[in-house]
Amino acid sequence: MKQWLGLLARLVTGGVWIGAGLVKLPDPAISVQAVRAYQLLPSSVVPTVGQLLPAVEIVVGLALVAGILTRGAAVVSAVLLVAFIVGIASVWARGITIDCGCFGGGGFDPDAASRYPWEIARDVGLLLLSALLVALPRTRWAVDDLLFRRTPAPEGS
């Protein structure tokens, strides 16, 4: 049962990462704008983070969906999700109303504050799925099973 739950966690979390990255990939300037809107990073770092983030999201998503280096991909996923939760909570606490930029967009949005609790809840749910995959990286239909087969111990050892 755990392996099926892990498969579901991989597909959901990986699918969200792939979707989020693919939406942002065609227009890196919008991704940079979204990162800048949080007002958390030094301005010299914002362009690099904004341009690399979609590619990182896609790579993490593909690794999770395929089940390649699942534990490592889940750790990266969890770190990113904690950063996103902190970022959204930070703008909410500071009264900044921006689109989270999670699935494209970004920048000022007068109605954003009403969505912050749902965005945080979504990311907490994905964080829990990522934590599950860190704890239980062996899942059904994973490339890891082909790459890292467990060989039974010889009898008598």
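This is a short talk on how the helices pack in one structure, along with its disulfide and a few single residues.

Okay, thanks everyone. Before anything else, please keep in mind that we're looking at a predicted model.

Let's start with the helix pairs. Two packed helices are described by the angle between their axes and the distance between the axes, so I'll give you both for each pair.

First up is α2 with α3. That's residues 28–37 for α2 and residues 46–66 for α3. Their axes sit 8 Å apart, and the angle is about 120°. That's over 115 but not over 145, so α2 and α3 count as oblique to each other. The handedness of this crossing is right-handed. Who's touching whom? On the α2 side you've got Pro28, Ser31, Val32, Val35 and Arg36, and they meet Val46, Pro47, Val49, Gly50, Gln51 and Pro54 of α3. Sort that contact by class and you get seven nonpolar residues, three polar and one charged.

While we're on α2, which of its residues are buried? The list is Ser31, Val32, Ala34, Val35 and Ala37. And α3 is not the whole story for them: the buried residues of α2 pack against α1 and α3, and also against the strands β1, at 98–99, and β2, at 107–108. Ser31, Val32 and Val35 are buried, and you'll remember those names from the contact with α3.

Next, α3 with α4. Here the axes come within 9 Å, and they cross at roughly 140°. Again, that makes the pair oblique. This crossing is left-handed. From α3 the contact takes in Leu53, Val56, Glu57, Val60, Ala63 and Leu64, and from α4 it's Thr70, Ala73, Ala74, Val76, Ser77, Leu80 and Phe84. By class, the α3 and α4 contact comes to 10 nonpolar, two polar and one charged.

Third pair: α1, which is residues 2–24, against α4, residues 70–93. The angle is about 55° and the axes are 12 Å apart. So α1 and α4 are oblique as well, and their crossing is left-handed. α1 puts in Arg10, Thr13 and Trp17, while α4 offers Thr70, Ser77, Leu80, Leu81 and Phe84. That contact has four nonpolar, three polar and one charged residues.

Now, did you catch Thr70? It turns up in the α4 contact with α1, and it turns up in the α4 contact with α3 too. So is threonine 70 buried or exposed? It's buried, because its relative accessibility is 0%. Leaving out residues up to four places away in sequence, threonine 70 touches Arg10, Leu64, Leu133, Pro137 and Asp144.

Right next door in sequence, take a look at leucine 69. It's in the loop between α3 and α4, and its relative accessible area is 53%, so leucine 69 is exposed. What about its backbone? Most residues other than glycine have a negative phi. Leucine 69 has a positive one, near 50°.

And there's another residue like that. Straight after α2 comes glutamine 39, with its phi near 55°. Glutamine 39 is in the loop between α2 and α3, and at 54% relative accessibility this glutamine counts as exposed.

One more stop on the helices: alanine 131, in α5, residues 116–135. Which residue's C-alpha is 6.7 Å from the C-alpha of alanine 131? That would be alanine 78, and the two are 53 residues apart along the chain. Alanine 131 has 39% relative accessibility, so it counts as partly exposed.

Last thing, the cysteines. How many disulfides does a search of the whole structure find? One. It joins cysteine 100 to cysteine 102, and the S to S distance is 2.3 Å. As for where they sit, cysteine 100 is buried because its relative accessibility is 9%. Cysteine 102 comes out at 13%, so it is buried too.

So, to recap the handedness: α2 with α3 is right-handed, α3 with α4 is left-handed, and α1 with α4 is left-handed. That's what I had, thanks for listening.

Methods. Residues are numbered from 1 along each chain as its sequence is written. This is a predicted model: local features need pLDDT of at least 70, side-chain atom pairs count only at pLDDT 80 or more; totals for chains, interfaces and linings use all residues. Side-chain values use heavy atoms; hydrogens and water are left out. Axes are lines fitted to C-alpha atoms, for helices over the stretch in contact, and angles run from 0 to 180 degrees between N-to-C directions. Helices (H or I, at least four residues) and strands (E, at least two) are DSSP runs, numbered from the N terminus. Angles under 35 degrees count as roughly parallel, over 145 as roughly antiparallel, 65 to 115 as roughly perpendicular and the rest as oblique. A crossing is left-handed if the near helix is turned anticlockwise from the far one by less than a right angle, and right-handed if clockwise. Contact means heavy atoms within 4.5 Å. Ala, Val, Leu, Ile, Met, Phe, Trp, Tyr, Cys and Pro count as nonpolar, Asp, Glu, Lys and Arg as charged, and the others, Gly among them, as polar. A disulfide is a pair of cysteine sulfur atoms within 2.5 Å. Buried means under 20% relative accessible area, exposed over 50%, partly exposed in between (1.4 Å probe, protein chains only).
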